[in-house]
Amino acid sequence: MECILGIESSCDETAAAVVDSSLRVRSNVVASQYDLHAEYGGVVPEIASRAHLERILPVMRKALDEAGIPAGKIVAVAAGVRPGLIGSLLVGASAAKAFSWARMVPFYGVDHVAAHLFAGLLRDGDRPAPELSRMFPALGLVVSGGHTSLFRLESAVDCRLIGRTIDDAVGEAMDKAANMLGLPHPGGPNLERCAVGGDAQALRFSNPQLPNALDFSLSGLKTKLLYEVRGVPQGRGAAATFARTSADLSASRRSDLAASFQRAAIEQVIDRLSRAADLAPAPALFVGGGVVSNESLRVALAAWCAARGMTLVVPERRFCVDNAAMIAGYAHLRRRLGDAGDDLSVPTEPVSLLARGSAPKRVQ
Ligand code: KG4
Ligand code: ZN
């Protein structure tokens, strides 16, 4: 079985993985940097790229060792080249290009958003391979810290953006909501934990209506939550003063607000999916991105697909958050479609080609 080494370093995770041509994950190593960024309440780009530099070679070596595949048996190497923090992307992409050059194997510069979209095809253990041919044209949804985007998928490399957030991504909004509630970094998972047992009806949010009915907006939800937690501010901008802080919340009120915010964000996702499927029915929905590790969202997506008779292609939790298996997996999909790889001059870029709203025939 042909194996690809994947590398991912777009933000604060240094990751390497080996995936074979049946999309079975042979190894999946992720070195997180949560501890390095926790005191700042978010990712500091310069700290992230320096940490990647220290970790990249040991992480690559560990991925090969755990897979039991010698470097000489790897048939291609792939790295996320966009979107992400440039300093961080550069570390992983340069390591992959060096591997490609030294080992004389093809290099695939992969779009991180496309990799998230198809991470549900990765196989772990005895999970059977889904039958791809019957799934297109499909709907695609990426909900991560940087993206909240809806796609019409003609194939794995023909993805058309049909809706996206006009302000915050869902993950970003979850992180900020967690911060407003006084919960520690990383926000999304802590918001989910805090929401357990809370009353999701405690605070009602409205569903934003936008000129493009498939677009998302999370900023109104954030403002509503902020005013609920701290009161309506006196004054404007930096001079604004609030009557309360998150420390004034009781534990049960905090939990109610977390549950309500989570519910509103999920309801908006499901609402946009319904609108997209009403416009153009599809046999399958591919989902991916860090927020898909949220249990309430997973339950809602499964119920929505079941009600419409659609196949849900959803990654296991560990392949939802940033990982390198999805990068290697997407390189395999490109290879299956006859793509022989990229020139080593492929640049690293801060923005996804998929997020630009154009309809690239060939998505790297
Ligand atoms: O895909 P990802 O790992 O990185 C990006 O490409 O952005 O997504 C990270 C995002 C963060 O905003 C994080 O808070 C969110 O995914 N996230 C969650 C959960 N786990 C991660 N949000 C809600 N519930 C979770 N369990
Ligand atoms: Zn991601």
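Here a student and a tutor talk through salt bridges and a ligand site in a predicted model.

Student: What should I know before we start?
Tutor: This is a predicted model, where local features need pLDDT of at least 70, side-chain atom pairs count only at pLDDT 80 or more, and totals for chains, interfaces and linings use all residues. Residues are numbered from 1 along each chain as its sequence is written, chains are lettered from A and ligands numbered from 1 in the order in which they are written, and side-chain values use heavy atoms, with hydrogens and water left out.

Student: Why is the pair of glutamate 349 and arginine 82 called a salt bridge?
Tutor: The rule asks for a side-chain nitrogen of Lys or Arg within 4 Å of a carboxyl oxygen of Asp or Glu. Here N to O is 2.9 Å, so the pair qualifies. By this rule the count comes to 19 salt bridges.

Student: Why is arginine 82 called buried?
Tutor: Buried means under 20% relative accessible area, exposed over 50%, and partly exposed in between (1.4 Å probe, protein chains only). Arginine 82 has 3%, so it is buried. Its partner glutamate 349 has 21%, so glutamate 349 is partly exposed.

Student: What makes aspartate 124 and arginine 318 a salt bridge?
Tutor: Their N to O distance is 2.5 Å, so they meet the rule. Aspartate 124 lies in the loop between α4 and β6, and arginine 318 in the loop between β10 and α10, so the pair ties together parts 194 residues apart in sequence. Aspartate 124 is partly exposed at 22%. Arginine 318 is partly exposed at 37%.

Student: How do you know that lysine 222 and aspartate 168 form a salt bridge?
Tutor: Their closest N and O atoms are 2.7 Å apart, so the rule is met. Lysine 222 is buried at 14%. Aspartate 168 is buried at 7%. Both belong to a salt-bridge network with Glu172 and Lys176.

Student: What makes the approach of glycine 145 to ligand 1 a polar contact?
Tutor: A polar contact is a pair of N or O atoms within 3.5 Å; within protein, one must be able to donate a hydrogen and the other to accept it, and residues adjacent in sequence count only if both atoms are side-chain atoms. A polar backbone atom of glycine 145 is 2.8 Å from an oxygen atom of ligand 1, so the pair fits. Backbone atoms of glycine 188 come to 3.1 Å from a ligand 1 oxygen, and those of glycine 290 to 2.9 Å.

Conventions. Helices (H or I, at least four residues) and strands (E, at least two) are DSSP runs, numbered from the N terminus.
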